Every structure is written in C-alpha cells, then in structure tokens.
Amino acid sequence: MSTKSAVFSALIASADFVSGEELAAACGVSRTSVWKAITALRADGCQIEAVSNRGYRLISAPDKIDGTYIARRLTELGARPGAVFCFDEIDSTLAESKRQCAAVGVFRDSRGELTADGARLHRALIVAGKQTAGRGRMGRPFASPPDSGVYFTLIYAPKNGVTNPALLTAAAAVAVARAADELFGTHAQIKWVNDVFLGGKKICGILTEGVANFESGQIEAANVGIGINVRDGGFPGELAAVAGSLQEFAPDKEKAARVSRNEVVARVVAHLLSFYDAGERGDVAAAAALMAEYRARSFVIGKTVTVNPAAGLRGEPYQAAVLDISDDAGLVVRCADGTEKTLQSGEVSLHGTDFAR
C-alpha cells in the first residue's frame with residue numbers, strides 16, 4: 001500500500017484530528033512523506049483540514065463517480081485493475097458489460113491465452129452513479145436512485161473458464177461485506193447466495209452472469225454485477241421496509257458521510273480481485289478461508305427457510321432447515337421429510353419475505 005493510500009485509510013478511520021506524528025508512525029514513514037501524501041490527496045479532491053498542534057482531519061472525499069480516481073485507488077490497493085468505464089447514468093452496468101463482451105466475441109485463443117480484445121476487457125470495471133433499468137435476479141427490477149448508491153459490473157475471464165459461478169457470487173458477497181465493515185464500522189451479514197444485509201435490511205444485491213463461447217461450450221467470462229446502497233435513497237413504498245443503506249447502519253454517521261462512493265467501489269473490487277486471483281492460482285487455503293468467512297457471515301444457517309426454485313425449474317416453494325453451506329457455495333438443507341440436499345441455485349426467504357429488490 002502506498003503512503004498516500006495508507007494516510008487516506010488512517011484519515012477515514014478517524015472522526016477526529018490525527019497528528020502528523022501519529023500518521024507517520026502508523027504508516028512507517030517520515031513526517032515529510034505524510035505532508036506529501038496530504039498534498040496529493042488534496043490534489044485528488046479530498047478536503048482535509050489542518051490545524052497546528054492537532055494534525056489533519058478528513059472533511060470529505062470526491063463522491064461524484066470518477067473512473068480515474070477509482071482506477072488509481074485500485075492500483076494503490078494492489079489490485080491490478082483493468083480498464084474502468086464510468087457513466088453518470090446508464091440503463092445498467094450489467095447490460096453494458098454484456099454489450100461489450102458480445103463485441104469481443106472470443107476472450108481466449110486455443111492455447112488459453114487472452115485475445116487482444118479479451119485482454120482489453122479482462123478485469124474491466126463498468127461503474128455508474130445511476131441506472132435507469134437496473135435488474136436483479138429472475139428479471140426483477142433493481143431500484144437504482146441517483147447520488148445515493150453505486151452500481152458496477154466486473155468482467156473476469158479466468159484462464160480455465162468459469163467453472164462455478166456460485167463461488168464467484170459468494171466471493172463478491174464477502175468482498176462487499178468486508179468493505180462495508182472496514183469503511184463504515186458495520187457488521188454485515190450475507191443471505192445465500194447473493195444479498196448483503198445490515199440491521200435486517202438489504203443493502204446490496206449481486207447478480208453474476210456468464211459469457212459463453214458457443215464453439216467450445218465453455219463459459220469464458222463472468223459479468224459480476226453489484227449494486228450497493230451507500231446513502232439513504234428515499235426508497236418508495238414497501239421497498240423502504242426491506243432496503244437500507246451503509247450510512248444508515250454505520251455507528252459513526254459523521255465518519256460514514258466522509259466515505260465516498262468511489263472508495264466503496266475501489267475497496268470492494270480490490271477484495272474481489274484478490275479472491276478471484278487466489279482462486280485462479282489454485283490457492284486452497286485462500287479458498288477455504290473465503291468460504292469460512294462466508295459461513296460466518298451467513299444468517300440463514302440454522303434457520304428454517306422457504307426455498308423458491310430458480311426460474312425455469314419445476315417445483316413449488318417448500319420449507320427446509322438450513323444445515324450448512326458447502327465449499328462450492330451450495331446451500332445444504334434438510335427437507336420436511338428428512339431428506340437432505342445441496343442447492344446450487346434458487347432463492348430462499350425468511351418469514352415469508354424474499355427481500356426482492
């Protein structure tokens with residue numbers, strides 16, 4: 001992590017002034033390096049107050065969606081980002097990623113190497129501050145009000161193709177939960193397989209879709225779409241009862257107000273790329289740690305849920321007790337007749353509410 005990134009993280013973490021001496025000690029650098037980092041952060045658009053004998057305090061960070069800022073933060077966080085495409089408003093980032101993937105055609109050649117167009121889109125990020133046609137699971141509309149949430153899709157094309165989309169979604173849920181806890185001081189939980197919750201309200205939805213190579217039959221890439229409610233978006237009607245925001249549940253509202261949407265995107269994607277890269281390397285320990293965290297954050301294990309089969313599958317909703325989550329992100333349940341099964345798709349709800357959004 002660069003000195004600028006370390007200083008920025010330290011300022012976000014404190015609602016009060018932090019002395020130059022404390023920053024230098026925390027970052028392991030000189031006071032001069034701290035001053036240079038403060039100057040660079042101000043050049044990025046951060047408002048930082050400086051008071052003699054007290055130090056520095058972050059007032060605000062740029063909140064307008066800024067692709068250059070996000071790309072720079074990802075690099076500072078060690079994430080090796082791809083291209084960042086930024087929009088003030090779009091139909092949906094997932095729709096745009098699908099359009100761009102369709103234009104690529106083939107991501108990898110017969111040797112498994114990225115084509116020129118594949119390399120252009122691998123690890124690419126599409127970000128928007130507002131969506132006019134956001135979509136959730138099973139074709140549901142996804143409310144995407146302006147200036148309150150952030151909506152982005154990561155395109156990832158692993159060398160051996162996508163073999164388990166559920167794991168990609170699970171990793172995204174953990175990445176969002178981690179970023180939320182780090183930036184807002186929350187304790188985020190996950191509802192299998194694709195929702196992140198705070199205080200009983202949904203603050204994030206995730207939808208992963210594959211990009212198929214029809215010649216090889218392989219799923220070459222994944223479009224991982226993520227929508228996060230950062231601030232109160234004034235959700236209408238019944239939606240207000242089930243949808244919340246990161247800022248709403250942050251214990252320190254003043255600190256939460258200083259966290260920009262750009263920082264939320266960068267922190268989530270940095271974690272997500274780290275998870276995906278570890279998976280592509282075949283890092284067994286990292287995979288085990290990821291699923292252990294996913295289980296620890298789950299609030300459906302040990303509960304009785306209503307299972308709704310995925311669209312296109314036959315069967316009526318039924319009740320089942322959730323026993324565990326498997327290493328490949330399947331939901332292990334016991335049905336009313338005592339039989340056990342592992343669900344790889346579908347949707348579960350608690351108390352008759354599916355938290356659709």
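## Pocket lining and backbone features

By class, 14 nonpolar, six polar and three charged residues make up the lining of the largest pocket. The structure is a predicted model. The volume of this largest pocket is about 560 Å³. Its lining comprises 23 residues, and those nearest the pocket centre are Leu167, Leu168, Tyr276, Gly279 and Glu280. Three helices each supply at least two residues of the lining: helix H7 (165-184), H11 and helix H12 (284-297).

Helix H11, one of these contributors to the lining, spans residues 261-281 and includes arginine 261. Is arginine 261 buried or exposed? Arginine 261 has a relative accessible area of 4%; because this is under 20%, arginine 261 counts as buried. The side chain of arginine 261 makes a contact with the backbone oxygen of glycine 149 at 2.9 Å. That distance is within the 3.5 Å limit for a polar contact. Arginine 261 and cysteine 86 are 175 residues apart along the chain, and their C-alpha atoms are separated by 13 Å.

The backbone also has features that depart from the usual pattern. Most residues other than glycine have a negative phi, and most peptide bonds are trans. Two arginines with positive phi are set out below.

| Residue | Phi | Loop | Relative accessible area |
|---|---|---|---|
| Arginine 80 | about 50° | between helix H4 (67-76) and strand E3 (84-87) | 55% |
| Arginine 123 | near 75° | between helix H6 (116-121) and strand E4 (125-128) | 8% |

Arginine 80 has a positive phi although it is not a glycine, and arginine 123 likewise has a positive value in a residue other than glycine. Each lies in a loop that runs between a helix and a strand: arginine 80 between H4 and E3, arginine 123 between H6 and E4. Their accessibility falls into opposite classes. Arginine 80 is exposed because its relative accessible area of 55% is over 50%. Arginine 123 is buried because its 8% is under 20%.

The peptide bond between tryptophan 192 and valine 193 is cis, with omega about 0°. Where does valine 193 lie? Valine 193 is in the loop between strand E6 (189-191) and strand E7 (195-198).

Terms used: Residues are numbered from 1 along each chain as its sequence is written. This is a predicted model: local features need pLDDT of at least 70, side-chain atom pairs count only at pLDDT 80 or more; totals for chains, interfaces and linings use all residues. Side-chain values use heavy atoms; hydrogens and water are left out. Helices (H or I, at least four residues) and strands (E, at least two) are DSSP runs, numbered from the N terminus. Buried means under 20% relative accessible area, exposed over 50%, partly exposed in between (1.4 Å probe, protein chains only). A polar contact is a pair of N or O atoms within 3.5 Å; within protein, one must be able to donate a hydrogen and the other to accept it, and residues adjacent in sequence count only if both atoms are side-chain atoms. On a 1 Å grid over the protein atoms alone, a cavity is a set of points where a 1.4 Å probe fits but cannot get out, and a pocket is an open set with protein on both sides within 12 Å along at least five of seven lines; lining residues have an atom within 4 Å of a point. Grid points are joined across faces, edges and corners, and a volume is the space filled by probe spheres set on the points. Ala, Val, Leu, Ile, Met, Phe, Trp, Tyr, Cys and Pro count as nonpolar, Asp, Glu, Lys and Arg as charged, and the others, Gly among them, as polar.
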